[in-house]
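Please open the model in your viewer and keep the sequence beside it. The stops below say what to select and what is there.

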Amino acid sequence: AFSIGYELRQFDTWSTNMFCFFTILSNMFAAVGAMLMNPYAVEGIRRKRFELPGWIVMVQYSGAVCVAVTMITTLLLLIPVEGEAAVAGTNLYLHLITPPLTILLFASVESC
């Protein structure tokens, strides 16, 4: 969320629309999935039992798959072609740090 917020503040300097990039869209989708879990996490702390509705699990799963595709594409295609520019600035967070954390989040809350 921080990286996307930073990019939104720098929006005037972009020569293209930043919302046409899969990286931005997939990370936003994963962030929305994580935010949807917050009320259920608070309720789980109160009741000592954490349960998520199936549709939130599917949103989180879809977000994890999307950011995994971003990370794999970065590792196999963007870094060899673009070099250091593929992981410079906020791209480091959006391409390489957020995807494993999102996958870990999904694996932590889903028991099936």
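## Start in a loop

Select Lys-48, which counts as exposed because its relative accessibility is 74%. This residue sits in the loop that lies between H2 and H3. Look at the backbone here: Lys-48 is not a glycine, yet its phi is positive, at about 65°. The model you are viewing is predicted.

## The whole chain

Now zoom out and show everything as a cartoon. How many helices and how many strands does the protein have? There are four helices and zero strands. Following the sequence from start to end, the pattern reads α-α-α-α.

Turn the model to view the C-alpha trace along its principal axes; the trace spans about 50 × 30 × 20 Å. The protein has 112 residues, and 28% of them count as buried. If you display contacts between residues at least 6 apart in sequence, 56% of those join residues at least 24 apart.

## H2 against H3

Two packed helices are described by the angle between their axes and the distance between the axes. The next stops use both.

Select residues 22-47 for helix H2 and residues 54-82 for helix H3. Their axes come within 8 Å and cross at roughly 150°. H2 and H3 are therefore roughly antiparallel to each other, as angles over 145 degrees count as such. The crossing of H2 past H3 is left-handed.

Show side chains where the two helices meet. On the H2 side, select Phe-22, Thr-23, Ser-26, Asn-27, Phe-29, Ala-30, Gly-33, Ala-34, Leu-36, Met-37 and Tyr-40. Facing them from H3 are residues that include Trp-55, Ile-56, Val-59, Cys-66, Val-67 and Thr-70. Colour the contact of H2 with H3 by class, and the residues divide into 13 nonpolar, eight polar and no charged.

## Ser-26, inside that contact

Keep H2 in view and pick Ser-26, which is found in this helix. Is Ser-26 buried or exposed? Ser-26 counts as buried because its relative accessibility is 2%, and the cut-off for buried is under 20%.

Two things can be checked around this residue. Leaving aside residues up to four places away in sequence, Ser-26 touches Cys-66, Val-67 and Thr-70. Its side chain also reaches the backbone oxygen of Thr-23, at 3.1 Å.

## Thr-23

Move to Thr-23 itself, also placed in helix H2. At 15% relative accessibility, Thr-23 counts as buried. Which residues does Thr-23 touch, not counting those up to four places away in sequence? The partners are Thr-70, Leu-94 and His-95. Thr-23 is listed in the contact of H2 with H3, and Thr-23 is also listed in the contact of H2 with H4.

## H2 against H4

Add residues 91-109, which form helix H4. The axes of H2 and H4 come within 11 Å and cross at roughly 30°. That makes H2 roughly parallel to H4. Here too, H2 passes its partner H4 in a left-handed crossing.

To see the contact, select Thr-23, Ile-24, Asn-27, Ala-30, Ala-34 and Met-37 of H2 together with Leu-94, His-95, Thr-98, Thr-102, Leu-105 and Val-109 of H4. By class, the contact of H2 with H4 holds seven nonpolar, five polar and no charged residues.

## H3 against H4

Hide H2 and keep the other two helices. H3 and H4 pack with their axes 8 Å apart and at an angle of about 145°. H3 passes H4 in a left-handed crossing. The residues of this contact of H3 with H4 come to 16 nonpolar, six polar and no charged.

## Last stop: Asn-91

Bring H2 back and select Asn-91, which is found in helix H4. Asn-91 is partly exposed because its relative accessible area is 25%. Not counting residues up to four places away in sequence, Asn-91 touches Ala-85, Ala-86 and Leu-96.

Finish with two distances from Asn-91, taken between C-alpha atoms. Draw one to Thr-23: the two residues are 68 residues apart along the chain and separated by 8.7 Å. Draw another to Gly-33: here Asn-91 is 58 residues away in sequence and 20 Å away in space.

Conventions: Residues numbered from 1 in each chain as written. Predicted model: local features only at pLDDT ≥ 70, side-chain atom pairs only at ≥ 80, totals over all residues. Heavy atoms only, no water. Axes fitted to C-alpha atoms, helices over the stretch in contact; angles between N-to-C directions. Parallel < 35°, antiparallel > 145°, perpendicular 65-115°, else oblique. Left-handed = near helix turned anticlockwise from the far one by under 90°. Contact = heavy atoms within 4.5 Å. Nonpolar A, V, L, I, M, F, W, Y, C, P; charged D, E, K, R; others polar. Buried < 20%, exposed > 50% of the residue type's maximum accessible area, 1.4 Å probe, protein only. Polar contact = N/O pair within 3.5 Å; in protein donor to acceptor, adjacent residues only side chain to side chain.
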